[in-house]
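Colleague: Got a minute to go through this one with me? I keep asking why things get the labels they get.

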Amino acid sequence: MSFRIEKKFKLTNSDKRVLKASLIENGMKKLYKGRLVNSCYLDTYDLRMFSESDEGILPRKKIRFRWYENEEVFNKEIKISSIEGRFKRFKKIKNFNLRKLKLCKLFDNNYGAIYPSLIVKYYREYYLYKDLRFTFDSNIQYYDPRSISYRKYFDNENVMEIKTSISVPEDYLEKIIGIQPARFSKYCRGLSFFI
């Protein structure tokens, strides 16, 4: 397992445009084509993973299914946050669809029975700058699979994330950007609109 640093920066639409243009002008290059990202988070009935994440408790984890664009291939991902850093494990799952997802109930060794608690959709762009991986997430939408009406909320914020190895000093990241990082968990933010 390899640990990494993830720093997030909350941006308005205009801040995102200005910062992205400035970074591109200074050498930031597109790494991959942008794409639509879908995630379905799972949690206990009493939302224990949400509470631990919201309170910043370590160690903690998030469990989600992720798929891109309109693909039929899902990844089951487990994101672990610990004192040493963050890492992710994933497993491809074929022949799985959203209807099955809404009805699914899984068992986790630490949390017990877990169920779909939030669906998040957004557009992600991928860049490389000074050997650091940058992503820009926009048009973030949250859906509540626990409600009959599938309530939804459109976020007016964007998030930029820098991912790098734990060997890179954190103050170096902040010097490159010139703004302070902020906590921005799409899971916690999205779920807070529905509870």
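Modeller: Sure. Let's start with what a strand is here: a DSSP run of E, at least two residues, numbered from the N terminus. And keep in mind that this is a predicted model.

Colleague: OK, so which strand gives the most to the lining of the largest cavity?

Modeller: That's β3, with 3 residues. β3 covers 60–68 and β4 covers 74–82, and each supplies at least two residues of that lining. The lining residues are R60, K61, K62, K79, S81 and R86.

Colleague: What makes it a cavity and not a pocket?

Modeller: A cavity is a set of points where a 1.4 Å probe fits but cannot get out, whereas a pocket is an open set. The count of cavities of 30 Å³ or more comes to 1, and the largest cavity holds about 50 Å³ of space.

Colleague: How do you know how many of its lining residues are charged?

Modeller: Asp, Glu, Lys and Arg count as charged. Set the lining against that rule and you get 5 charged, 1 polar and no nonpolar.

Colleague: And the largest pocket, how is its lining divided?

Modeller: Into 16 nonpolar, 8 polar and 25 charged. The pocket has a volume of about 980 Å³. Its lining runs to 49 residues, with E6, K8, K79, R86 and E161 nearest the centre. Strand β1 (residues 4–11) gives the largest share of that lining, 6 residues.

Colleague: What makes β4 and β5 a pair?

Modeller: Two strands pair if DSSP finds at least two bridges between them. β4 and β5 (residues 85–93) have 9 bridges, in the antiparallel sense, so they meet that cut-off. I80 stands opposite F87 in β5, and a hairpin joins β4 to β5 through 2 residues.

Colleague: How many disulfides does the structure hold?

Modeller: The structure holds 0.

Colleague: Why is there no bond for the sulfur of C188?

Modeller: A disulfide needs a pair of cysteine sulfur atoms within 2.5 Å. The closest cysteine sulfur to that of C188 is in C40, 15 Å away, so it's too far for a bond.

Colleague: Last one: why do you call C40 and C188 buried?

Modeller: Buried means under 20% relative accessible area. C40 has 1%, so C40 is buried. C188 has 7%, so C188 is buried too.

How values were computed
Residues are numbered from 1 along each chain as its sequence is written. This is a predicted model: local features need pLDDT of at least 70, side-chain atom pairs count only at pLDDT 80 or more; totals for chains, interfaces and linings use all residues. Side-chain values use heavy atoms; hydrogens and water are left out. On a 1 Å grid over the protein atoms alone, a cavity is a set of points where a 1.4 Å probe fits but cannot get out, and a pocket is an open set with protein on both sides within 12 Å along at least five of seven lines; lining residues have an atom within 4 Å of a point. Grid points are joined across faces, edges and corners, and a volume is the space filled by probe spheres set on the points. Helices (H or I, at least four residues) and strands (E, at least two) are DSSP runs, numbered from the N terminus. Buried means under 20% relative accessible area, exposed over 50%, partly exposed in between (1.4 Å probe, protein chains only).
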